[in-house]
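Some notes on the model follow, one topic to a point. Please read them alongside the sequence and the coordinates.

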Amino acid sequence: MPVEKGSDLCAMPLNHLLTPRQGVQRGKLDIQQVRDNGFHCQSVSFNSSFNSGTPVRVFASINHGNESSTVHDTAFIWVEDVTTSRFKACLVQGGQGAGGNTTIDWFAFQGSQSGVYHGGASFSLFTTGTQCNRVAFPQAFSVVPKVHVTVQHGTVEQKQDAMSVWIANVSTSQFEVCLHESRTFDGPHSKLMVNWMAYEHYPMAWEAKESSEIVFF
């Protein structure tokens, strides 16, 4: 598993791109319509290409803006076809919510980031249910770090590979990351990877405004 040593994604000002010399870019993807089957993919070009030879890590999250009081459809998101110049963001919506437009906030970087470990956790083929992998940090943190994850598909526009992803048992030395298929018995599932990053404090170069956590009881 490749591991390299690089905030709260929702806390970053995601409506512009950082200069490529900092090794970081970010932005918003507004999806106005979703197909009748609730499946949509859209390509995103980086403002400036990253260098070749080193993996580009892309992280994504759903943003419903000021419509938090509305019941929204469940959404499964992932990235695919990641290159040094672009990537594709995909989502599958389901349920009986309001649906409507969706915004995906994305954050991408390449190479070493101060105070951050990052890598890609690959998953072996599985047919149904849940699969979990343990990820060990190259060196233990002094406190339990913050961890962010995003699923990356190796097969493009594969709706049946839509996954829920979560982390568990986070410690100073390791964590678990798990995938669960969006529909039971929708496999087999293969060529799945989870991009992850872990840090105690986000790098100043990221220009993040704040970072926190929410605890559900």
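1. His153 has a relative accessibility of 3% and therefore counts as buried, the limit being under 20%. This value, like those below, comes from a predicted model. His153 belongs to strand β10, which covers residues 146-153.

2. What does the side chain of His153 reach at 3.1 Å? The partner is the backbone oxygen of Asp161. Asp161 is also among the residues that His153 touches once residues up to four places away in sequence are set aside. The others in that list are Trp78, Val79, Glu80, Asp81, Gln158, Ala162, Lys191 and Leu192.

3. A search of the whole structure gives two disulfides. A disulfide is a covalent bond between the sulfur atoms of two cysteines. Counting bonded cysteines along the chain, the pattern is 1-2, 3-4.

4. One disulfide links Cys41 and Cys90, with an S to S distance of 2.0 Å. Cys41 is in strand β3 (residues 39-45) and Cys90 in strand β6 (residues 86-94), so the bond ties together parts 49 residues apart in sequence. The angle about the S-S bond is 110°, and the link of Cys41 and Cys90 is right-handed. Cys41 and Cys90 are both buried.

5. Cys132 and Cys178 form a disulfide as well, with their sulfur atoms 2.0 Å apart. Since Cys132 lies in strand β9 and Cys178 in strand β12, this pair ties together parts that are 46 residues apart in sequence. The link of Cys132 and Cys178 is right-handed, with 110° about the S-S bond.

6. Are Cys132 and Cys178 buried or partly exposed? Cys132 has a relative accessible area of 36% and is partly exposed, because that class lies between the 20% and 50% limits. Cys178, at 3% relative accessibility, counts as buried.

7. The strands that carry Cys132 and Cys178 belong to an open sheet of three strands, in the order β9-β12-β11 with antiparallel pairing. Strands β9 (130-136) and β11 (163-168) stand at the edges with a single partner strand each, so one side of each has no neighbour in the sheet. From one strand to the next, the twist averages 20°.

8. Within this sheet, β11 pairs with β12 (residues 174-181) in the antiparallel sense, over six bridges. Where does Trp166 find its bridge partner in β12? The partner is Cys178, the cysteine whose sulfur is bonded to that of Cys132. Cys178 thus takes part in a bridge to Trp166 and in a disulfide.

9. Phe46 sits in the loop between β3 and β4 (56-63). With a relative accessibility of 7%, Phe46 counts as buried, because this is under 20%. Leaving aside neighbours within four places in sequence, the contacts of Phe46 include Val56 and Val58, the run Thr83, Thr84, Ser85, Arg86 and Phe87, and also Gln25, Trp106 and Ala108.

10. How far apart are Phe46 and Arg26 in sequence and in space? They are separated by 20 residues in sequence, and their C-alpha atoms are 8.5 Å apart.

How values were computed:
Residues are numbered from 1 along each chain as its sequence is written. This is a predicted model: local features need pLDDT of at least 70, side-chain atom pairs count only at pLDDT 80 or more; totals for chains, interfaces and linings use all residues. Side-chain values use heavy atoms; hydrogens and water are left out. Two strands pair if DSSP finds at least two bridges between them. Helices (H or I, at least four residues) and strands (E, at least two) are DSSP runs, numbered from the N terminus. Axes are lines fitted to C-alpha atoms, for helices over the stretch in contact, and angles run from 0 to 180 degrees between N-to-C directions. Buried means under 20% relative accessible area, exposed over 50%, partly exposed in between (1.4 Å probe, protein chains only). A polar contact is a pair of N or O atoms within 3.5 Å; within protein, one must be able to donate a hydrogen and the other to accept it, and residues adjacent in sequence count only if both atoms are side-chain atoms. Contact means heavy atoms within 4.5 Å. A disulfide is a pair of cysteine sulfur atoms within 2.5 Å.
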